[in-house]
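Good morning, and thank you for making time on the agenda. Please look at the sequence and the model on the screen, and I shall then go through the geometry in order.

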Amino acid sequence: MLDQLRRRRRYLHEIPEIMFDLPKTRAFLLAELASTGALVQETRCGGILAFFGGAAEEAVAYRADMDALEVTEQTGVSFASKHPGKMHACGHDGHMAMLLGLADYISAHRDALRRNVLLIFQPAEESGGGGGKIVEEGVLEQYGVTEIYALHVDPALPMGVVASRPGPFMARSAEVRVRIQGKAAHVARFREGIDGVHAAVLLLHRLYAMEAAMPPETPRLLKFGMVSAGTAVNILAAEARIGGTMRAYDDNVFDAMRRNLLETGREVQASTGAVVEFAFSEGYPAVVNDSKLYERACAALADMKFEVLPEPSLLAEDFAFYLKRVPGIMLRVGLGRPNTELHAANFNFDERALVTGLNALIRLFHQSMEGERS
């Protein structure tokens with residue numbers, strides 16, 4: 001089992017591709033799926049579907065993401081990326097290898113099929129919202145999907161551990177970009193201008209104060225990682241730009257934060273004379289695990305090292321788009337590398353974790369064949 005998982009993961013690791021442009025990745029997956037007997041279909045957005053079954057009306061789905069990141073690899077491994085500036089630094093190569101392993105298992109255990117199974121290999125999770133594209137194509141309805149599962153590797157969890165939690169699992173997110181239009185003037189004649197830097201600093205101060213004043217029991221995040229302004233040290237900046245992110249698990253909290261950002265911008269505009277313009281990306285919805293399926297998963301994984309996560313993550317994941325249509329759960333697979341970060345140029349992991357993930361998928365498969373519809 002490990003040899004096959006390792007072979008697939010390492011080949012995929014060598015050919016990282018970005019967003020929807022995944023020709024080598026798709027070609028490899030199609031070749032590997034050819035021997036499983038699955039009905040294989042490509043989606044309009046570049047995803048791959050592998051369908052097992054035929055007689056049942058309902059299907060259980062499992063999803064793996066296919067895309068990599070624009071990161072220059074610095075692992076030094078023999079199977080390092082052959083595509084300069086691109087790297088599987090988030091474990092998606094492992095996710096695909098595990099789902100291929102599940103395809104092989106189902107192919108060899110067709111007698112266990114009581115419901116249909118759909119395996120979804122999805123592009124553009126890191127950016128582009130490939131999960132949303134798959135859903136928009138009507139894939140879930142076409143195949144009668146009534147529940148869906150996904151795994152994600154987690155360096156912070158111990159090796160051999162699978163973890164999850166009911167309810168909120170990952171946050172709703174949106175990028176926040178602010179353009180502040182002032183008026184340039186020499187600092188010696190500052191009254192003739194509008195100080196874009198001052199307006200930007202005032203806005204940031206008030207936005208952080210607004211977020212800090214929210215109830216402490218309300219999980220949320222508002223942080224800004226980019227600020228730019230000005231062309232000279234003695235000229236008032238005619239323009240300033242701020243970029244950040246906002247996240248929350250509850251749509252009402254998220255929408256309230258957005259309204260508060262806009263209101264704060266209007267207040268700064270009125271007090272400084274600078275024009276404050278906000279732009280919000282669509283972002284990803286919150287990942288909310290279905291409580292009933294979570295309890296079933298706990299039972300299925302009882303003989304593994306299963307942990308209950310004490311709190312949700314403020315990271316975001318486009319698996320959320322599927323959960324807007326059908327119940328499902330996401331689980332994490334421990335890598336036992338707490339000092340390693342996802343998306344880092346040195347990201348790598350002990351491939352024994354792939355066996356843990358595949359074993360979890362196999363147990364979920366058998367449980368879904370026995371469980372009642374959620």
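**The chain as a whole**

The protein chain has 374 residues, and 55% of them count as buried. I should say at once that this is a predicted model.

In terms of secondary structure, the chain comes to 10 helices and 14 strands. The C-alpha trace spans about 80 × 45 × 40 Å along its principal axes. Its accessible surface comes to about 16,200 Å², and carbon and sulfur atoms account for 51% of that area.

How are the contacts distributed along the sequence? If one takes the contacts between residues at least 6 apart, 81% of them join residues at least 24 apart.

On electrostatics I have one value to report. The chain carries 40 positive and 47 negative charges, and the mean positions of these two sets are 3 Å apart.

**Aromatic pairs**

Let me turn to the rings. A pair of aromatic rings is described by the distance of the centres and the angle of the planes. The structure holds 10 aromatic pairs, and I shall present two of them.

One of these pairs is F51 with Y143, a tilted arrangement with 5.0 Å from centre to centre and 45° between the planes. This pair links distant parts of the chain, 92 residues apart: F51 belongs to strand β2, residues 48-52, while Y143 sits in the loop between α5 (139-142) and β5 (145-154). Buried or exposed? Both F51 and Y143 are buried.

Another pair is formed by Y208 and F224, and here the geometry is edge-to-face, with the centres 6.0 Å apart and an angle of 75° between the planes. Again distant parts of the chain are linked: Y208 is in helix α6, residues 196-212, and F224 is in strand β9, residues 220-229, with their positions 16 residues apart in the numbering. The two partners fall into separate burial classes. Y208 is partly exposed, because its relative accessible area is 29%, which lies above the 20% limit for a buried residue and below the 50% limit for an exposed one. F224 has a relative accessible area of 13% and is therefore buried.

**Charges over rings**

Which arginines lie over the face of an aromatic ring? R9 lies over the face of F349, at 4.1 Å from the ring centre. R332 takes up such a place over F169, at 5.0 Å from the ring centre.

R9 also appears in the surroundings of a glutamate, E351. This glutamate is placed in the loop between β14 (328-334) and α10 (352-370). Why is E351 classed as buried? Its relative accessible area is 5%, so it counts as buried. Leaving aside residues up to four places away in sequence, E351 touches L2, R6, R9, R10 and F79.

**The loop between β4 and α4**

I come now to P123, which lies in the loop between β4 (116-122) and α4 (130-136). Its relative accessibility is 0%, so P123 counts as buried. Beyond residues up to four places away in sequence, P123 touches several others, among them M19, F20, L22, C45, G46 and G47. As for separation, P123 and I18 are 105 residues apart in sequence, yet their C-alpha atoms are 8.3 Å apart in space.

Two residues in this part of my talk call for a remark on backbone torsions. Most residues other than glycine have a negative phi, and most peptide bonds are trans. A124, which is not a glycine, has a positive phi of about 55°. Its place is also in the loop between β4 and α4, and A124 counts as buried because its relative accessibility is 0%.

M19, one of the residues that P123 touches, has a positive phi as well, near 55°. M19 lies in the loop between α1 (2-14) and α2 (23-33). With a relative accessibility of 32%, M19 therefore counts as partly exposed.

**An exposed arginine**

My last residue is R44, found in the loop between β1 (39-42) and β2. Buried or exposed? R44 is exposed, because its relative accessible area is 69%. How far is R44 from T231? The two are 187 residues apart along the chain, and their C-alpha atoms are separated by 45 Å.

That concludes my presentation, and I welcome your questions.

Conventions: Residues numbered from 1 in each chain as written. Predicted model: local features only at pLDDT ≥ 70, side-chain atom pairs only at ≥ 80, totals over all residues. Heavy atoms only, no water. Helix = DSSP H or I, 4+ residues; strand = E, 2+ residues; numbered from the N terminus. Buried < 20%, exposed > 50% of the residue type's maximum accessible area, 1.4 Å probe, protein only. Contact = heavy atoms within 4.5 Å. Areas by Shrake-Rupley, 256 points an atom, 1.4 Å probe, with all protein chains shown as cover. Lys, Arg positive; Asp, Glu negative; His and termini not counted. Charge placed at Lys NZ, Arg CZ, Asp CG, Glu CD. Phe/Tyr/Trp six-rings, centres within 6.5 Å; stacked < 30°, edge-to-face > 60°. Lys NZ or Arg CZ within 6 Å of the ring centre and 35° of its normal.
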